[in-house]
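Me: I would like to go through the labels attached to this model and ask what each of them rests on.

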Amino acid sequence: MSSEDEGGPHVGTDEEKGRPGPSVPEFYGRWAGLYDAIATVPGVARWRRVAADRVARPGDTVVEMGCGSGANLPHLRERVGPEGRVIGVDLTGPLLERARRRAAPYANVAVVRGDATRPPVTADEVDAVLATFVCGMFEDPAAVVDGWGDLVGPGGRIALMDMTATDDTRGRALNPLFSAFAAASAPGAGPLEVLRAPASRFDSRLTRRVAASRESLVARATERRYETFALGFVGLLSGRIE
Ligand SMILES: C[S@@+](CC[C@H](N)C(=O)[O-])C[C@H]1O[C@@H](n2cnc3c(N)ncnc32)[C@H](O)[C@@H]1O
């Protein structure tokens, strides 16, 4: 494992597209407190427990890509036990500080600043990868997930949990609201984009990227399992690399 070189992350920012807007670390750094509060509400903790259950086994080394404030770390630590290891990777300093505090009680949990699209870990040490609410941020999520497949290797496990618009009949009426939420939580989107989001379907890029990440895992994984939460707005896909 190595610390991040400070080179630019491979994430799609509005700056890269010629529009002014904060980068991913700037955006999440600014909202770190609020993000952490949302990330740790009790209902969300249940999804996180299930995701940790699907991906981690006792004694495993698990890497969490885009670990944010570390809300998954205690669940992963519980699953791998004292013999395993958990490594959180993220780009955003203020979120990593929170993750580091959350990891502090455990000798075998570490967080490192790095780019999840070029993970700062070597293949021979990783049994499993977890990524929650991250894949929608990558320009080429299929390639990133494929790279994670190489990282864990045959027999390794990957779990991806993401939010998208829902097909569930009980939740469909809320899709316009979800679109506004997607705009409000996207680096670079302003108030006008949030207001227009339900009509412009701001969330369609997110949904497309999440679909691409899932297809990439489906193409390589066996023992696949897909579960949904929150009226289908949250999907968890897990599997073992063939
Ligand atoms: C919506 S938050 C999710 C955080 C955490 N996984 C959770 O479930 O609470 C997205 C996170 O991905 C991180 N992120 C985005 N692109 C990244 C990249 N290329 N490498 C590492 N972290 C990244 C952001 O800094 C942020 O912490």
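The exchange below takes up cysteines first and salt bridges afterwards.

Reply: This is a predicted model, in which local features need pLDDT of at least 70 and side-chain atom pairs count only at pLDDT 80 or more, while totals for chains, interfaces and linings use all residues. Residues are numbered from 1 along each chain as its sequence is written, and side-chain values use heavy atoms, with hydrogens and water left out.

Me: Why is Cys67 not bonded to the closest cysteine sulfur?

Reply: A disulfide requires a pair of cysteine sulfur atoms within 2.5 Å, whereas the sulfur of Cys67 is 14 Å from that of Cys135, its closest, and this is therefore too far for a bond. A search of the whole structure accordingly finds zero disulfides.

Me: What makes Cys135 count as buried or exposed?

Reply: Buried means under 20% relative accessible area, exposed over 50% and partly exposed in between, with a 1.4 Å probe and protein chains only; Cys135 has 0% and is therefore buried.

Me: Why is the contact of Asp36 and Arg102 called a salt bridge?

Reply: The term asks for a side-chain nitrogen of Lys or Arg within 4 Å of a carboxyl oxygen of Asp or Glu, and the side chains of Asp36 and Arg102 meet at 2.8 Å, N to O. Asp36 lies in helix 2 and Arg102 in helix 5, so the pair ties together parts that are 66 residues apart in sequence; helices here are DSSP runs of H or I, at least four residues.

Me: How do you know whether Arg102 is buried or partly exposed?

Reply: At 25% relative accessibility Arg102 counts as partly exposed, whereas Asp36, at 10%, counts as buried.

Definitions and conventions
Helix = DSSP H or I, 4+ residues; strand = E, 2+ residues; numbered from the N terminus.
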